[in-house]
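Here is a short report on the fold below. It begins in the sheet, moves to the helices, and ends at the chain terminus.

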Amino acid sequence: MGDRGRRGQLSLSVVEAGVGAILILAVAMGFALGGPPPDDRRAQLDAYAADAATVLAGEPPRHRGATRLAEVVRTRAAFDRERAALERRVARILPDNLLFRVTTPYGSVGFRKPAGIAVGSATVTTGGGDVRIRVWYA
């Protein structure tokens, strides 16, 4: 018989059990480690918008009104007068990698939002109406 008689062989059921255990372990590790992390860009953008809204809502007015935002939405003439200053202020508040649009009852400042991208937003209610701030990555 030579070498053939002394060599041991694994039974087929033991090999199948080993392969099955490795497969189950691989699937379990896939569930345990999970997939890619969720896209939390929207939550971060909402936080940026809320921060900008909080800063603007707390600033004193440049001319008349309780706050800067209340002054901007007091009248159409006030919005027209403050439009450029509002746009500059929001641009300074937000990080450089963000674009924004501020919408008031009398008009908007900022950039037009492209379709199909993640956007964060915050709304501040004033006596003259709501001011909505939307931000997105450039």
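Val 102 has Ile 133 of strand 4 as its bridge partner. This pairing comes from a predicted model. Strand 1 (98–104) and strand 4 (129–137) run antiparallel and are joined by six bridges. Ile 133 also appears in a second pairing, where Ala 122 stands opposite this residue of strand 4. Strand 3 and strand 4 pair in the antiparallel sense.

**The sheet**

In what order do the four strands of the open sheet lie? The order is 2-1-4-3, with antiparallel pairing. Strand 2 (107–110) and strand 3 take the edge positions. Each has a single partner strand, so one side of each is left without a neighbour in the sheet. From one strand to the next, the twist averages 15°.

The bridge counts for each pair are as follows.

| Strand pair | Bridges | Sense |
|---|---|---|
| Strand 1 and strand 2 | four bridges | antiparallel |
| Strand 1 and strand 4 | six bridges | antiparallel |
| Strand 3 and strand 4 | seven bridges | antiparallel |

Strand 2 contributes Gly 110, which stands opposite Arg 101. At the other edge, a hairpin of two residues links strand 3 to strand 4.

**Helices against the sheet**

The protein has four helices and four strands. Along the sequence they follow the pattern α-α-α-α-β-β-β-β.

Helix 2 spans residues 41–58, 18 residues in total. From first C-alpha to last it reaches 26 Å, close to the 26 Å expected at 1.5 Å a residue. Its buried residues are Leu 45, Ala 49, Ala 52, Ala 53 and Leu 56. Why do the buried residues of helix 2 line one face? Seen down the helix axis, they fall within an arc of 100°, so they line one face of helix 2. On the other side, Thr 54 and Gly 58 are exposed.

What do the buried residues of helix 2 pack against? Their partners include two helices: helix 3 (68–72) and helix 4 (76–93). Strand 1, strand 3 (120–126) and strand 4 are packed against as well. Helix 2 lies across those three strands, and runs at about 135° to strand 4. Helix 4 lies across strand 1 and strand 2, at about 30° to strand 2. Strand 1 thus appears in both lists: helix 2 lies across it, and helix 4 lies across it.

**The C-terminal segment**

Ala 138 sits in the segment after strand 4. Is Ala 138 buried or exposed? Its relative accessibility is 73%, so Ala 138 counts as exposed; the cut-off for exposed is over 50%. Ala 138 still has contacts, touching Asn 97, Leu 98 and Leu 99, with residues up to four places away in sequence not counted. Leu 99 is 39 residues from Ala 138 in sequence, yet the C-alpha to C-alpha distance is 5.6 Å.

**Whole-protein totals**

What share of contacts between residues at least 6 apart in sequence joins residues at least 24 apart? The figure for the protein is 55%. Of its 138 residues, 29% count as buried. The protein exposes about 9,100 Å². Carbon and sulfur atoms supply 57% of that area.

Definitions and conventions. Residues are numbered from 1 along each chain as its sequence is written. This is a predicted model: local features need pLDDT of at least 70, side-chain atom pairs count only at pLDDT 80 or more; totals for chains, interfaces and linings use all residues. Side-chain values use heavy atoms; hydrogens and water are left out. The expected span of a helix is 1.5 Å times one less than its number of residues. Buried means under 20% relative accessible area, exposed over 50%, partly exposed in between (1.4 Å probe, protein chains only). The arc is that of the directions from the helix axis to the C-beta atoms. Contact means heavy atoms within 4.5 Å. Two strands pair if DSSP finds at least two bridges between them. Axes are lines fitted to C-alpha atoms, for helices over the stretch in contact, and angles run from 0 to 180 degrees between N-to-C directions. Accessible areas come from the Shrake-Rupley method with a 1.4 Å probe; for residues, only the protein chains shown count as cover.
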